[in-house]
Amino acid sequence: VKGTKDNQVALADDNSYEAVQYVKMTNNGTIDLIGGNSVGIYANRGQIKNNGMIQVLGDKNIGIFSENGTDTENSTNINVGNGGVGIYAVSHQNPSVPPSIIEAQTIKVKNSGIITAAAGSNAIGIYAKNNKSGGVFGDAQIDLTNGTIDLGASKNAIGVFVDNGEIHENGTTITVGENGIGIYAKDSDLNLNNLTINLNGDNSL
């Protein structure tokens, strides 16, 4: 799937059923979007698996956008550009609206693949925000085991941002450049076993 215009979505589905297995989005090929504000794969209460290549090099693009209980897994490659996000996961886009009976409002992300950023600034490897009303750590599960996040070419980048969630990792490598942050965890629980963070620029942490 190729796209050159702004505000494009390569693959998208919105599940109106209770069970997540009714929406399965699997990429075994190549998604290439160069327009800005675009999304490679989006799912609401479904399953997303990337076994191919997602390349979204336009400004402020998102590789994978998942919400509301979507089970997200990247085992291969996601490449983002200036201000881009590899995997963006939220409990719900609009938490002020009362959830329906089928809305789980949870987050589940696994990255065993490689997320990279091209030259630019403000890239984020994985962004996970648990905005579920009354949500607890366990509602947002981020598994980084054996994954690589390389944002060394992007200034002011954040490898992983998590708000009110849990991070699990074993054998993970995160690289950031100038003014970069390896992991930014707000009100979260971190289980780090074999993490390597490379700080390859001034004022990085």
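These legends walk through several close-up views of one protein model. The model is predicted, with local features needing pLDDT of at least 70, side-chain atom pairs counting only at pLDDT 80 or more, and totals for chains, interfaces and linings using all residues. Residues are numbered from 1 along each chain as its sequence is written, and side-chain values use heavy atoms, with hydrogens and water left out.

**View 1. The whole chain: 24 strands and 0 helices.**
Helices (H or I, at least four residues) and strands (E, at least two) are DSSP runs, numbered from the N terminus. The C-alpha trace spans about 50 × 40 × 30 Å along its principal axes. A compact globule of 205 residues would have a radius of gyration near 17 Å, and the protein's 16 Å agrees with that; the radius is taken over C-alpha atoms, and the globule rule is 2.2 Å times the number of residues to the power 0.38. Buried residues make up 48% of the 205, where buried means under 20% relative accessible area, exposed over 50%, and partly exposed in between (1.4 Å probe, protein chains only). Take the contacts between residues at least 6 apart in sequence: 63% of them join residues at least 24 apart (a contact means heavy atoms within 4.5 Å).

**View 2. An open sheet of 8 strands with parallel pairing.**
The order is S1-S4-S7-S10-S13-S17-S21-S24. Two strands pair if DSSP finds at least two bridges between them. At the edges stand S1 (2-3) and S24 (196-199), each with a single partner strand, so one side of each has no neighbour in the sheet.

**View 3. S7 beside S10, in parallel.**
Here strand S7 (residues 53-56) pairs with strand S10 (residues 77-80) over 4 bridges. Look for Val-56, which sits opposite Val-80 in S10.

**View 4. Strand S13 and its partners S10 and S17.**
S13 covers residues 114-117, and its side chains alternate. Ile-115 and Ala-117 point to one face and are buried, while Ile-114 and Thr-116 point to the other and are not. S10 pairs with S13 in the parallel sense over 4 bridges, with Asn-77 opposite Ile-114. S13 also runs parallel to S17 (residues 148-151), joined by 3 bridges; there, Ile-115 has Ile-149 as its bridge partner.

**View 5. A salt bridge between Lys-108 and Asp-71.**
This is one of 3 salt bridges in the structure, a salt bridge being a side-chain nitrogen of Lys or Arg within 4 Å of a carboxyl oxygen of Asp or Glu. The two side chains meet at 3.8 Å, N to O. Lys-108 belongs to strand S12 (residues 107-111) and Asp-71 to strand S9 (residues 71-74), so the pair ties together parts 37 residues apart in sequence. Lys-108 is partly exposed at 47% relative accessibility, and Asp-71 is partly exposed at 27%.

**View 6. Lys-129 meets Asp-163 in a salt bridge.**
The N to O distance here is 2.9 Å. Lys-129 is in strand S15 (residues 124-129) and Asp-163 in strand S19 (residues 158-163), so this pair links distant parts of the chain, 34 residues apart. Lys-129 counts as partly exposed at 28%, whereas Asp-163 is buried at 8%.

**View 7. Asp-139 and Lys-132 share a salt bridge.**
Their side chains come together at 3.9 Å, N to O. Asp-139 is buried, with 14% relative accessibility, while Lys-132 is partly exposed at 26%.
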